[in-house]
Every structure is written in C-alpha cells, then in structure tokens.
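Open the model in your viewer and keep the sequence panel beside it. The tour goes stop by stop, with a selection to make at each one.

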Amino acid sequence: MKIRETEEKMDLSRRRLLTALGVGGAALPMAAGSKTVLAAIRNPNLREAEGILTGAHWGPFRAVVKDGKFVEAIPLIQSPADDMIRAIPDQVYSPTRVKYPHVRRGFLEKRSKGDPSLRGRDEWVRVSWEQALDIVASEIQRVRTEHGASSILAGLYGWKSVGLLHNSRNAVRRLMYLGGGCQGYFGDYSTGAAQIIMPHVMGALEVYDQQTVWPTVLANTQFVVIFGADPYVTLKNSWNIPDFEGYSGFEALKAKGIRIVTIDPVHTDTAKQLNAEWVPVRQRTDVALMLGLMHTLYTEKLYDPKFLKTYTVGFPEIEAYLTGKDDGVPKTPEWASGLCGIPADKIRGLAREMAGKRTMLMAGWSIQRQQHGEQAHWMLVTLAAMLGQIGLPGGGIGFSYHYSSGGSPTARGGMLKGLGAGTPTGPLPPPIPAARIFDCLMNPGKTISVNGKDITYPDIRMIYWAGGNPFHHHQDINQLVRSWQHRPEVVIVHEPYWTATAKHADIVLPATTSYERNDLEMGGDYSAKYIFPMHKVIDPIGESRNDFDICADIAERLGYRSAFTEDRDEMQWLKDLYKGAMVGARASRVALPPFELFWKAGDYVEFPIPDSARKWVRHGDFRGDPLLNPLGTPSGLIELYSKKVAGMGYADCAGHAKWYEPIDWHKSERASRYPLSLISSHPAHRLHSQLGNAPSLRKKYAVDGREPLLINTQDAAARGIKSGDAVRVFNDLGQVLAGAAVTDDIMPGAVRLAEGGWYDPAEPGVAGSLCKNGSVNVLVRDIPTSGLAMGNCGQSGIVQVERYVGPDMPVTAFDVPKGAVS
C-alpha cells in the first residue's frame, strides 16, 4: 500500500507556498524537526487539471469538474477506500437525490390532525421553499407553545457529512437552542455500553481515546490479539477526513513478522491481509473465552499479582468468581470451551502465549454492541490487568486501533472548531439514551434507570432529524415503523437522498452534499495532522440548500436570524474558524498562512509530529506513578470491582465483570427455531448506509441485486442453498431477502449480513413487511445492553435461512417515492 505516497507532493506544495510568500524556508518560524508545516499555495492555473481539493469520511480527494459536472474523484492518498472515493460522483448524481422541498400529502392537507400511520406510504407533494419553511417554522412554534421544549426531539445522532461549519446536527440544535431548547440524548449506537462502563473501570471512555502510538507498538509488541474487529474494513472511514495511518501500522506489523491472532466468527479481511491466525469463536461468547484465559493465568500462576496489588482494586472478587467460590462454577477452559466453541487446549495455549510475550489486546466495538455488552470490555480490562502489561510500551489494551486510525501520533498545531450549538435560551430537559429514543416514543412518561439515575421519558410530539438515518441504525425496524407512525405529530428531515427515513417523514427539505458548499475540516481524528479546505465542487443539485442556510431562514421566521448567523455569511464563518486554528498553531510555534492565502491556494496544511508523540504510551504515566497520575475512578486505580456499580443494584450488571447468558444465542430456547447466529458487521464498501446508493459500488458486492449473506458451506448445503441464490432470512421480528454468498470464511452456525443496507419494504409503511434489500436491523431486537448503559444490541440476533422460491421481488429501495419530483 502506498499510504505515504503524498510526501513528495507535500514537499513540492511547501516549496510553492514559500515561493508565493516570497521567502525562503529559513525565514519562517517552523517547529523543530518538522518536515512540512505549511502546505500549498497552489498555482490557480493548475486547478482545472488537478482537480478541486475536498474530502469525505473515506478520504481526501481532488474533484475533477468538466462543463460544470463533477466527473471524477481522485484519491489524494492511495488506500483501501479508493473505490469508495471514486464512487462519489455516482452518489452525488444518484437518482435518489431529493431535489426539491416535499410535504406528505396527508400532512399538507391536515397538518397534525392527519393520520400519522400513512407515513411511509402516502403520496408526496412538491412545494416551494417559502411554503416549506413557513410550515416548518409554524409547526416548531406550535409544538413548543403547546407542549414545551422537551416535546421536540432534534439535533440527533448520525454520521453527518464531514465539514465543521456545515454540521447539520449542530445547525438544527442551534436553531432549537436559540428558541428555547429541545430534547437531547446521550451516548451513541457505536459504543453505547462501553462508554458508560469504562469510566467506572478506567476513569475514561477508552473507546474514543488515543491509543499507544504505532511507532511504540512496532518497537515493543511481540503478540497482537484482535477481538471482534476487522480494521482493514473499518479503517476506511473516519469521523473527520482520515489520515489512513492505521493501515501503515498494520502493514508494518505484518512486515515485521509480529504474530497476530484474530478471534472472530468470521475469517476477516484483516486476518487474510495480515496472514493472521484465525480462531473462530461463537457469536456473543467472548466473555466466556476471556474467563477461560484468565482461569489458566490464575491456576498456572502466570498472572502478575504485583500489578494487581499496585494498580487495581477488586481482584479478590474476581478470584472468587474465577475459581467458583461464589457461584460453584470454576471458569475453566473446559467450561469456556463448552460455550465459545474454542478447544480448551487452545485456550490454555493462547493464555500462556499472552503471558510469555509483550502482548497488545486490540478490541473492536462489536463485542459490546450486544446484550450484556458492558461485560466484554470490562472483562478484557480484567484479563489485561492479570497479564500486568497495561501502561507498558506495546502492551496492554487498545479499543480504537480499528477506528479512525487510533494510534496515529498526535501532531502539534492548531485545531479547527466548528459551528456550535449555541447557548440555550431556556433550561434543557434531561437527555435520554440514544438507543432508547423509540422506546421513548411508544412510552411517554415511563421511568427508566440508567447508570444509577432515574430518567422519565418526555412526550415527544416533533422529530427534527438532520445528518442521520435512524431507519438504518436503529434496531427492530418494524417496531421503529410502528413508533414512528404512533406518536409524533410532525417529522421533519433534511436529506440529500430519499432514504427510508426521508420516505417516512412529513416534510423533507433537500440538503446539499459536502461537494455543493464550502467548508473546512481536520484530517486525522487522532493525529489532528491536517487542515483541509473543502472548496465547493459544483452548484447545488436541483433546489437543494445547505443546512446552515435552511436553519437560518427558519430562525428568521421565528424572530432570531441574527442570533443564529451572528451576522456572518459562509466565508466569514470559515475565516473565523481558521483564525481559531491559527491561535492554537501560534501557541505551538507553528506557522500558518493567512486565511485568504490558504483558501486561494486550494491545498492542505500539514502539522509536524513531535518526537515525544511518537513514543506515547496509553496509561504510561499512570503506571509510572499512580499516586501522581491517578485514573478518573473513585479509587484512582483500575476498578476490577466497582463499589459504585455494585451499589446500583442492577440484576444484569454486577460489581465486577461476569458471564451472563444472552436471550439470543445458540443455547437459547429460540435457537431450535432460529439456529443461526446473526452477525451484523460493518460493510466493506460503504460507511453504514452512506454510499449504498452508488451503483458502481453495489456492482462490487450485491448478490442477486441485494445485500450479501455470508453462510457457511455446511449450513448452505443442509438448506439446498448455493452462491447467488436469493434467500429469505427471518425470525419472529421480521424477514428480509438477501443474496447467498456461500463460503468457509464464516464458521458453521453463523451468518453475516452487513449493516447499512437500505430498508426496502415490499409494502411501504406497513410494519412486518418483507424487506427486499436485506436490511439487517429488521432482524435484531430493540433491547438495552443492560440497565447500566442502555446501549443498543445490534449484534444480538438469531435467524433461520431458506432458499427463496416466491414471486420476483425487485429492489426498490433506491426509487423515488410516489408523487416526488426527481
């Protein structure tokens, strides 16, 4: 992989900049040891030939425009995400574009007095922007006056497009905050369980924190064990514009010959790329495996009692649980093997190898995105504590090596800040868990306990969603359809595309893509290494408008446009955001060009990486002196047993990590009817549902025109299924059609259907209808991980599969709905 192939280009860019400034390199106050601090004053005459610099969640690129049309996206850095970048023009000009404001006919005629059950199947009516904005503003005013701020659910979770000014979620939240507030949320769908339990255990989120950096890993690590992650797939995307340093790290592991084991039901792309040993494990049994490993460490005296005594609290409780003193069940490798399917001798061998080498345990988030998900990350910390390597260079644990290039050394420079949500003009209601939003819709006034606190659900009358797609990311879509049609009086959506969420709304306002507006973005979630200009590539498609302008016009109708815009236009906002980064860069003794020069250049800035950042070790300071560098836990130490969690009294989350039987697994009662464990992994050619409407990518992965279902050769043969067949995947929650991909890359007894497939009901707007495109969340329960975190259980499902023999069911997920003008 040529991850660093831009180095020569960047040196050339710097020389161009210095020439444009009329100075030599020595005249600039550059940080010691930096190779490039300033990038690119471009020759404006080169822009037509080389393209316009911008970026996406899957990488920076140059957009080539011919005769006003965006015809090609050229990746700036070669990476496995190249095919996603090259598909962007397909996405921009997709037939699914929402080009004009639309209102559902029933809502247009009767407003909130109409029949909400028509959502998803009603006819759409094109309206003018003036009419649409008038309706939205009047509905906001009405709902707020009649029911209060807590009745408006707005500015919600989702993978908004990159760009720090055009932050759709913050634009909507700002609109609501300045008018008196709205109902908010906490947590997310990615790490809902871990981000609640980890502060109790480690005093920090961990899942979004910087990892021991790659240079240190490569210099010290001898053994890498990856639990439930596929970095070669998930590193294609970042929250901001990726730097792809994670790929360089994993490739260097491979080149150095460091031993790698992947523990997963699937022989992942990562395992294949790294020539790693694949250890198949039954879905939802990672905690049992970890206990078997820990029992071996304990009985063979391979654990580190000094580390446990110095840096942790609660090992006596763990000891009693491991040996069976408190429940009569020793957690032996044989016991673990009966649950997870890995032979007992293999478990013992892995434990001995972990103890005998400098070991880095890398965990994905899938193992906590299931019932009792809190236990997986807590137990992995407990295993790492017994090994005694937390805080050592190249040892311990890491929870984000698979995400946004965690472990990429952090640069020294300035940080861009984006559009803020503003200061609420009234008190905000208590937030609710992100994954319980639709439980809230069905049960207003219900009180739940989360993380030791009681929360009462508000009575939601309005949903205002921008920058997200709940009909992709929420579990039990049929229940979602029912809740969406049950309670809200009005649903407003900003969208570039006719997603299932847009199709189930009352008002849809056409939003621009990132390539139809100007913006700025950081590059490298963990490195903060780049500042990228995002120049507008093309004029907006149809009558689409950016979220900021949409919200500003609504704010004008509500009487506070000036407060919303702060009397600044797009370029004034961008200039001020850039000035904020200049202040930080100056404090770091790093030079940045003036905004006008930077913007005219059309190129990026790269900040230097200090030598100290290349040696950083997560928890290294804590290990060096736990008294001077305590963790953020009550004890200041790693809490293998948490008195605080124990005191909350949850039946499904005790004071230390434990094994709990899930509702849905191979030993459950339902498994007799639905014998296959369902894995809902990240897709290889999309970011969740984004890019699902790019035809060039669908050609790469679709089977029978639908989402592919990985099924083991034995399981397929027993059902008369062969590759390419349409198959019905079903349980008592719902049913979907998928295309069979028969393979030995998935263990027997499991099937995999990637999340993000566009929901495509055979009968639109009817709960329980067959999804023709294989949307996996039709098949997964909408239940909380536990009372502690109330995270989502996207990985908790069991199904049956059969060859489909019914009438032809063409995919219509990407069709424009009835009445909509395309």
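Two strands count as paired here if DSSP finds at least two bridges between them. By that rule β1 and β2, residues 59-66, are a pair: five bridges join them, and they run antiparallel. Bear in mind throughout that this is a predicted model.

**The whole chain**

Zoom out before going further. The protein chain has 30 helices and 29 strands. Its C-alpha atoms fill a box of roughly 70 × 70 × 55 Å along the principal axes. The radius of gyration is 26 Å; a compact globule with 822 residues would have one near 28 Å, so the two agree. Colour by accessibility: 64% of the 822 residues count as buried. Now turn to contacts between residues at least 6 apart in sequence. Of these, 76% join residues at least 24 apart.

**Stop 1: a three-stranded sheet**

Select 52-75. An open sheet of three strands appears here, in the order β1-β2-β3, with antiparallel pairing. Why does one side of β1 and of β3 lack a neighbour in the sheet? β1 (52-56) and β3 (69-75) stand at the edges with a single partner strand each, so one side of each is left free of a neighbour in the sheet. From one strand to the next, the twist averages 40 degrees. Strands of a sheet pair through backbone hydrogen bonds, either parallel or antiparallel. For a single pairing to click on, take A56: its bridge partner in β2 is G59.

**Stop 2: strand β24**

Select 676-679, which is β24. Show the side chains. L676 and L678 point one way, S677 and I679 the other way, and all are buried.

Which strands pair with β24 in the antiparallel and the parallel sense? Strand β29 (residues 798-803) runs antiparallel to β24 and is joined to it by two bridges. Strand β28 (residues 750-753) pairs with β24 in the parallel sense, over three bridges. Label one residue pair for each. L676 stands opposite V799 in β29. S677 has A750 of β28 as its bridge partner.

**Stop 3: N731**

Select N731 in strand β26, residues 726-731. Buried or exposed? N731 has 8% relative accessibility, under the 20% cut-off, so it counts as buried.

Next, show its surroundings. Setting aside neighbours within four places in sequence, N731 is in contact with R670, Y674, L779, I798 and V799. V799 is the residue of β29 that stood opposite L676 at the previous stop.

Two polar contacts are worth drawing as dashes. A polar atom of the N731 side chain lies 2.9 Å from the backbone nitrogen of L733. The N731 side chain also reaches the backbone oxygen of L779, at 2.9 Å. For a long-range distance, draw a line from the C-alpha atom of N731 to that of V493. These two residues are 238 apart along the chain, and their C-alpha atoms are separated by 31 Å.

**Stop 4: salt bridges**

Side chains of opposite charge can pair when their charged atoms come close. The structure holds 52 salt bridges. Three make a good sample.

Select R259 and E353. Their closest N and O atoms are 2.5 Å apart. R259 lies in strand β9 (residues 259-263) and E353 in helix α17 (residues 344-356), so this pair ties together parts that are 94 residues apart in sequence. R259 is partly exposed at 27% relative accessibility, whereas E353 is buried at 16%.

Move to K446 and D439. Here the closest N and O atoms are 3.3 Å apart. K446 is partly exposed at 35% relative accessibility; D439 is buried at 13%.

Then select D539 and K536. This salt bridge has its closest N and O atoms 3.1 Å apart. D539 counts as exposed, with 55% relative accessibility. K536 counts as partly exposed, with 34%.

**Last stop: a network**

Which residues do salt bridges with shared partners join into one network? Select R111, E139, R142, E146, D459, R461, R487 and E489 together: these form that network. Show the side chains, then trace the links from partner to partner.

How values were computed. Residues are numbered from 1 along each chain as its sequence is written. This is a predicted model: local features need pLDDT of at least 70, side-chain atom pairs count only at pLDDT 80 or more; totals for chains, interfaces and linings use all residues. Side-chain values use heavy atoms; hydrogens and water are left out. Helices (H or I, at least four residues) and strands (E, at least two) are DSSP runs, numbered from the N terminus. Axes are lines fitted to C-alpha atoms, for helices over the stretch in contact, and angles run from 0 to 180 degrees between N-to-C directions. Buried means under 20% relative accessible area, exposed over 50%, partly exposed in between (1.4 Å probe, protein chains only). Contact means heavy atoms within 4.5 Å. A polar contact is a pair of N or O atoms within 3.5 Å; within protein, one must be able to donate a hydrogen and the other to accept it, and residues adjacent in sequence count only if both atoms are side-chain atoms. A salt bridge is a side-chain nitrogen of Lys or Arg within 4 Å of a carboxyl oxygen of Asp or Glu. The radius of gyration is taken over C-alpha atoms; the globule rule is 2.2 Å times the number of residues to the power 0.38.
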